[in-house]
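New to this one? Take a moment to look it over, and then we'll walk through it piece by piece.

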Amino acid sequence: MARLAVRFGGGKADRRAEFSIGLLGRLARRANGFLLRHALWERHYAQSKLEDWRIAGRKAPVSALRRNLNMQMADGELATILREIEKRRPCSLLIFGVGNDSILWHEANRGGHTVFLENDPFWQRVIRERHHDLEIVPVRYDTKARRWRDDLANPPPLDLPAEVTSRKWDLIFVDGPAAYTAESPGRVQSIAAASRLVAPDGTVMVHDCVRTAERTISDRLLSHLPVTSQMRSLRCFTGDGEAEEKDLRANGVELPSAHTG
Ligand SMILES: C[S@@+](CC[C@H](N)C(=O)[O-])C[C@H]1O[C@@H](n2cnc3c(N)ncnc32)[C@H](O)[C@@H]1O
């Protein structure tokens, strides 16, 4: 059997560890099998808890989803997002940021069109490997979290492919980029893009609005969406389609007779 020897240190303290390649191969296959089963389990779990939630309309499945899918948000925020998807599904759903929650949004809008935008190659890879059918579009931000006031005064354009820009989206959830640290990209570009891409009667939900930057950027760039509500750190902006259409027509913009999304 092939063996791999690894030498630690030197001289008298020379120690040697020998690994069996056969053993490593078996461990790698086990790990792959585990990851595959985990991904299948996640999808199945999301589907079955969504069903429970739809039938019973209770909080328990929401809590279980949040805990067992290891999501970074509160139950009330999760329930708010699910209700918004439920009101409109199947709908066009655009999400800035991927994470452990991605499979849940994909399943909640099954039959609709869900697209994720992600800047971090690590998270792109992790979620793609877990769920091959999720549509994840790579994106590059040129902003910095610490510079958000300057970026807000002059938002840099965001380069997005036609598959994202060629339509208006019923529902947009901004949970990226991470913007956790001063040096990481900030959210001016993602929120500005959401403001352009949302349908006239659509909703934009922005997470992390307990942070001054996210709240101020959203209030400024989404001020044309008149209905605002907040659940903990999740701020929701909903457009009044009719008012917006009237406004556009009054300004001489020709619109099709019905919005097709
Ligand atoms: C706030 S996280 C999104 C997390 C997601 N809402 C969840 O509940 O798992 C925003 C960004 O951080 C990165 N990210 C995703 N999942 C993460 C995690 N579990 N821990 C740290 N960063 C994460 C990704 O780059 C993502 O675009």
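## A tour of the fold

A right-handed β-α-β unit is formed by β6, helix α8 (residues 188-197) and β7. Keep in mind that this is a predicted model.

Let's stay with those two strands for a bit. β6 and β7 run parallel to each other, paired over five bridges. One spot to look for is V174, whose bridge partner in β7 is V206. Another is L171, which stands opposite T203 in β7.

Each of the two strands has another neighbour as well. β6 also pairs with β3, again in the parallel sense, over four bridges. There, L93 has L171 as its bridge partner in β6. So L171 is a handy landmark: it is the partner of L93, and it stands opposite T203 in β7.

β7, for its part, pairs with β9, but here the sense is antiparallel, with four bridges. V206 is the residue to find here, since V206 stands opposite R235 in β9. V206 is also the bridge partner of V174.

How buried are these strands? Of the nine residues of β7 (residues 198-206), eight are buried, so the strand is largely enclosed by the rest of the structure. For β6, six of the six residues are buried, so β6 is largely enclosed too.

**The nonpolar cores**

In soluble globular proteins, nonpolar side chains tend to be buried together. Here, the largest nonpolar core has 33 residues, and the members touching the most others are L78, I81, L82, L104, W105 and F173. Elements giving two or more residues to this core include α1 (21-56), α3 (75-88), α4 (102-108), β6 (169-174) and β9 (234-238). The largest share comes from α3, which gives five residues.

For a closer look, pick L104. Leaving aside residues up to four places away in sequence, L104 touches A46, L50, L65, L69, M71, L78 and L82. There is also a second, separate core of 31 residues, and among its members are V137, L158, L160 and L221.

**Around the ligand**

Which residues come nearest to the ligand? Of the 13 residues around it, they are Q72, V98, D101, E118 and D175. Here are some polar atom pairs to look up in the model:

| Residue and atom | Ligand atom | Distance |
|---|---|---|
| N100, polar backbone atom | oxygen | 3.5 Å |
| E118, polar side-chain atom | oxygen | 2.6 Å |
| D175, polar side-chain atom | nitrogen | 2.4 Å |

E118 and D175 appear both in the table, at 2.6 Å and 2.4 Å, and in the list of residues that come nearest to the ligand.

**One histidine in a loop**

Last stop: H131, which sits in the loop between α5 and β5 (135-138). Is H131 buried or exposed? Its relative accessibility is 2%, so H131 counts as buried. Setting aside residues up to four places away in sequence, H131 touches A39, E42, R43 and I103. You can also trace from H131 to S102: the two are 29 residues apart in sequence, and their C-alpha atoms are 9.2 Å apart in space.

Conventions
Residues are numbered from 1 along each chain as its sequence is written. This is a predicted model: local features need pLDDT of at least 70, side-chain atom pairs count only at pLDDT 80 or more; totals for chains, interfaces and linings use all residues. Side-chain values use heavy atoms; hydrogens and water are left out. A nonpolar core is a set of buried Ala, Val, Leu, Ile, Met, Phe, Trp, Tyr and Cys residues joined through side-chain atoms within 4.5 Å. Buried means under 20% relative accessible area, exposed over 50%, partly exposed in between (1.4 Å probe, protein chains only). Contact means heavy atoms within 4.5 Å. Two strands pair if DSSP finds at least two bridges between them. A crossover is right-handed if, with the strands pointing away from the viewer, the path from the first strand over the helix to the second runs clockwise. A residue is near a molecule or strand if one of its heavy atoms lies within 4 Å of it. A polar contact is a pair of N or O atoms within 3.5 Å; within protein, one must be able to donate a hydrogen and the other to accept it, and residues adjacent in sequence count only if both atoms are side-chain atoms.
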